[in-house]
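Visitor: Could you take me through one part of this protein in detail? I'd like to go strand by strand and see how the pieces fit together.

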Amino acid sequence: MPDFFIDKNIAKAKTIDTRFYKSEVYLGLSKEKIFIPSWQFIGDIDKVEESNSVFPFVLLENYITEPLVLTKNSDGKLHCMSNVCTHRGNLLCYDACKQKQITCKYHGRQFSLDGKFVSMPQFKEVENFPTEDDNLHHLELFQWGKLLFTSLAPVTPAKEIFADMMNRMSWFGVDKLKYRADLSKDYKVKASWALYCENYLEGFHIPFVHADLNTVLDFGGYTTEIFRYSNLQIGIAKNGEEAFDIPSSSVDHGKNIAAFYFWVFPNMMFNFYPWGLSVNVIKPIDVSETKVSFYTYVIDESKLNSGAGSGLDKVEYEDEEIVQNVQKGIYSRFYKHGRYSVTQEKGTHHFHSLLAEFIG
Ligand code: FES
Ligand SMILES: [Fe+2]
C-alpha cells in the first residue's frame with residue numbers, strides 16, 4: 001500500500017492526506033525522491049557573460065544546500081560543477097569573477113574551468129594520483145534560450161520535462177530575455193512548499209483572493225491544460241486589457257491571452273506576460289517555511305505595468321496570506337483531506353498525483 005494515493009479520476013479523488021505537509025519524514029523523502037532527481041532553474045547564461053568567468057551558487061539553500069559553480073572557459077563553453085575541492089572539501093569559488101582557472105585557497109590545488117585537475121603542491125609521493133576522482137564532479141546543464149537548468153541526479157531527461165513548455169512558448173523569445181535584479185525579489189512564506197504550489201495551480205481562488213487581478217482577467221475563459229510533468233493555465237484578458245500578439249504559427253494565435261502560467265514539476269513556475277517572464281522558484285526550508293524567489297526577465301519594458309503581469313507584489317502577498325492560513329488549518333485534527341472541483345482544480349490534482357507517484 002503506498003503512503004499516498006490520488007485517484008486518477010478527479011471526480012472521485014480526494015486531495016493529498018495532510019500528513020504529507022506536516023511530517024519531517026515526508027519532507028526528507030521529498031528531498032531524496034522528488035528534488036534530487038529533479039531539474040532545477042539556476043539562472044541564465046548572462047551570469048557568466050565573458051569567457052574565463054565563474055559564478056558560484058548554492059542549489060536550494062537550507063534544503064539540499066549543494067555548492068555548485070557555473071563556469072565559462074576560454075572556448076566559450078559552459079560547465080556546471082561541484083564547487084567543492086576534491087582534496088579536503090574546501091569551497092572553491094566564493095564570488096562571481098573573471099579567472100582563467102580555479103585555485104583552492106586552502107592548499108593550492110588547481111582546476112581548469114572545465115573541472116579537470118591541473119596541479120597540487122606536495123603530492124609527488126602520492127600513488128595512483130591524480131585519478132578521475134580528483135576532477136570536479138560535473139552536472140548536466142540544460143539550456144532553453146538564455147535560461148539554464150541542472151540536476152544533481154537526473155532520472156528523466158530535461159527535454160522530457162520541459163518539451164511541452166518549450167514547444168508551446170517557442171514564439172516567445174526566451175533568447176531575448178534580460179534579467180533584471182532590481183525587479184527580482186525573495187519572499188519568505190510561513191507554509192509548506194507544497195501548499196504554496198497547489199495554490200498557484202488553480203485560478204479558482206482569483207475572484208476571492210485577488211480583487212485587482214480579477215478586474216483584468218476573464219474568469220470564464222480561464223483554462224488549465226495538463227501535460228506529463230508540467231501544466232499550463234491560461235489567463236484570458238478582459239476586453240481592452242493588455243494581451244499578447246501571438247503569431248499564426250502558434251496554436252494560441254487569435255486568442256486574447258493576458259498570461260501563460262506554466263508550472264514545471266516539482267517547484268518551478270514560468271509566468272509569461274507581454275512584458276516578459278517571471279520565473280518563480282519555490283524552495284522548501286522546513287515543513288512550515290518556504291522561500292519563494294521571483295526572477296524577473298524583461299523583453300518589452302513599455303508593457304511592464306499593465307495587465308495581468310502588473311502588481312505582482314500585491315498578488316504575492318495576497319497568496320501568502322491565504323496559504324499561511326491554510327498552513328494553520330491543516331494542523332486541525334478534523335481536517336485530513338478535501339475534494340477537487342473538476343473544472344477548476346485540475347492543476348492541483350495533477351500536482352498531488354505527481355507527489356503521490358514520486359513518494360510512492
Ligand atoms: S582543500 Fe583544496 S587544496 Fe586542500
Ligand atoms: Fe493566487
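Visitor: Let's look closely at strand S3: how many bridges join S3 to strand S4, and do the two run parallel or antiparallel?

Guide: Sure, and keep in mind as we go that this is a predicted model. S3 covers residues 66–72 and S4 covers residues 78–82. The two are joined by 5 bridges and run antiparallel. To find your place in that pairing, start from Thr71, whose bridge partner in S4 is His79. The connection between S3 and S4 is a hairpin with 5 residues between the strands. Have a look at Gly76 in that turn: its phi is positive, at about 85°.

S3 also pairs with strand S2, residues 53–59, and there 7 bridges hold the antiparallel arrangement together. Two pairs help you line these strands up. Leu59 has Glu66 as its bridge partner in S3, and Val54 is partnered with Thr71. So Thr71 is a handy landmark, because DSSP bridges tie strands together in pairs: Thr71 partners Val54 of S2 and also His79 of S4. S2 and S3 make a hairpin too, this one with 6 residues between the strands. In its turn sits Leu60, with a positive phi of about 45°.

Now carry on to the other pairing of S2. Strand S5 is just residues 97–98, and S2 pairs with S5 in the antiparallel sense over 2 bridges. Ser53 is the residue to click on here, since its bridge partner in S5 is Lys98. Put together, S4 pairs with S3, S3 with S2, and S2 with S5.

How covered is this part? In S2, 6 of the 7 residues are buried, so the rest of the structure largely encloses that strand. S3 is mostly covered as well, again with 6 of its 7 residues buried.

Zoom out and you can place these strands in the whole chain, which has 8 helices and 18 strands. Of its 360 residues, 53% are buried. Contacts reaching across the sequence matter to the picture too: among those with a separation of 6 or more, 63% link residues 24 or more positions apart. As for overall dimensions, the C-alpha atoms fill a box of roughly 75 × 50 × 30 Å along the principal axes. The radius of gyration is 22 Å, which agrees with the value near 21 Å for a compact globule of 360 residues.

How values were computed: Residues numbered from 1 in each chain as written. Chains lettered and ligands numbered in written order. Predicted model: local features only at pLDDT ≥ 70, side-chain atom pairs only at ≥ 80, totals over all residues. Heavy atoms only, no water. Helix = DSSP H or I, 4+ residues; strand = E, 2+ residues; numbered from the N terminus. Rg over C-alpha atoms; globule rule 2.2 N^0.38 Å. Buried < 20%, exposed > 50% of the residue type's maximum accessible area, 1.4 Å probe, protein only. Contact = heavy atoms within 4.5 Å.
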